[in-house]
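Q: Please take a close look at the largest pocket of this model. I should also like an account of the chain around that pocket, with the cut-offs behind each term.

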Amino acid sequence: MLCIMGTIRLPAERMAAARAPMAAMINATRAEAGCLEYAFAEDVLEPGLIRVSERWTDQAALDAHAASAHMQVWRAALREIGVLDRDLTLYDIGHPRAL
């Protein structure tokens, strides 16, 4: 399993413009084969800071996601909105277990 954790920072005043394209991308991503979890959450204390959490079955699923049409649309929306920072880390999880 692959896990991606990190943040995306948008201008706080552009969050309203980001919501519709973000929701469309998230909904399409959650329907993809191999997507176990895909969530964005705006930080309560830092407007414009989006916390990202993803889980994928394998690299092939993640590669298909990266090449998808809805990700191309999302990337174009991000350019228009004006991403200030993007800090994502991929973790290869060998033996996950519930706590």
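A: A residue is buried under 20% relative accessible area, exposed over 50% and partly exposed in between (1.4 Å probe, protein chains only). By this scale D58, at 36% relative accessibility, counts as partly exposed. The model is predicted, so local features need pLDDT of at least 70 and side-chain atom pairs pLDDT 80 or more, whereas totals for chains, interfaces and linings use all residues. Residues are numbered from 1 along each chain as its sequence is written, and side-chain values use heavy atoms, without hydrogens or water.

The largest pocket holds about 270 Å³ of space. Its lining consists of 16 residues, and those closest to the centre of the pocket are E54, M71, R75, R86 and L88. Two or more lining residues come from each of β1 (2–9), β2 (35–42), β3 (49–56), α2 (59–67), α3 (69–81) and β4 (85–92). Helix α3 supplies the largest share, with 4 residues. By character, the lining divides into 12 nonpolar residues, 1 polar residue and 3 charged residues.

These terms rest on a 1 Å grid over the protein atoms alone: a pocket is an open set of points with protein on both sides within 12 Å along at least five of seven lines, a cavity is a set where a 1.4 Å probe fits but cannot get out, and lining residues have an atom within 4 Å of a point. Points join across faces, edges and corners, and the volume is the space filled by probe spheres set on them. Nonpolar covers Ala, Val, Leu, Ile, Met, Phe, Trp, Tyr, Cys and Pro; charged covers Asp, Glu, Lys and Arg; the others, Gly among them, are polar.

The elements that contribute to the pocket belong to a chain with 3 helices and 4 strands (DSSP runs numbered from the N terminus: H or I of at least four residues, E of at least two). From the N terminus on, their order is β-α-β-β-α-α-β. The C-alpha atoms fill a box of roughly 40 × 30 × 20 Å along the principal axes. The radius of gyration of the protein chain is 14 Å, which agrees with the value near 13 Å for a compact globule of 99 residues (over C-alpha atoms; the rule is 2.2 Å times the number of residues to the power 0.38). Of the 99 residues, 37% count as buried. Contacts, meaning heavy atoms within 4.5 Å, often span the sequence: among those between residues at least 6 apart, 70% join residues at least 24 apart.

Strand β1 offers two residues for closer inspection. T7 has its place in this strand and is buried, because its relative accessible area is 15%. Setting aside residues up to four places away in sequence, T7 touches L49, I50, R51, D85, R86, D87 and L88; among these partners, R86 and L88 are also listed as close to the pocket centre. M5, likewise in β1, is partly exposed, because its relative accessible area is 37%. With the same neighbours left out, M5 touches V52, S53, D87, L88, T89 and Y91. Its C-alpha atom is separated by 14 Å from that of E42, 37 residues apart along the chain.

In the loop between β1 and α1 (15–30) lies P11, which counts as buried at 12% relative accessibility. Beyond its neighbours within four places in sequence, P11 is in contact with I81, G82 and L84. The C-alpha atoms of P11 and G82 are 71 residues apart along the chain, yet separated by 7.0 Å.

Helix α3, named above for its share of the lining, also holds H70. Apart from neighbours within four places, H70 is in contact with M25, A28, T29, E32 and H65. Between the C-alpha atoms of H70 and N27, 43 residues apart along the chain, the separation is 9.7 Å. D58, in turn, lies in the loop between β3 and α2, and its C-alpha atom is 27 Å from that of A77, 19 residues along the chain.

Finally, the whole structure contains 3 aromatic pairs. They involve a cluster in which ring pairs link Y38, F40, W56 and W74. Rings of Phe, Tyr and Trp (its six-membered ring) pair when their centres lie within 6.5 Å; planes under 30 degrees apart count as stacked, over 60 as edge-to-face and the rest as tilted.
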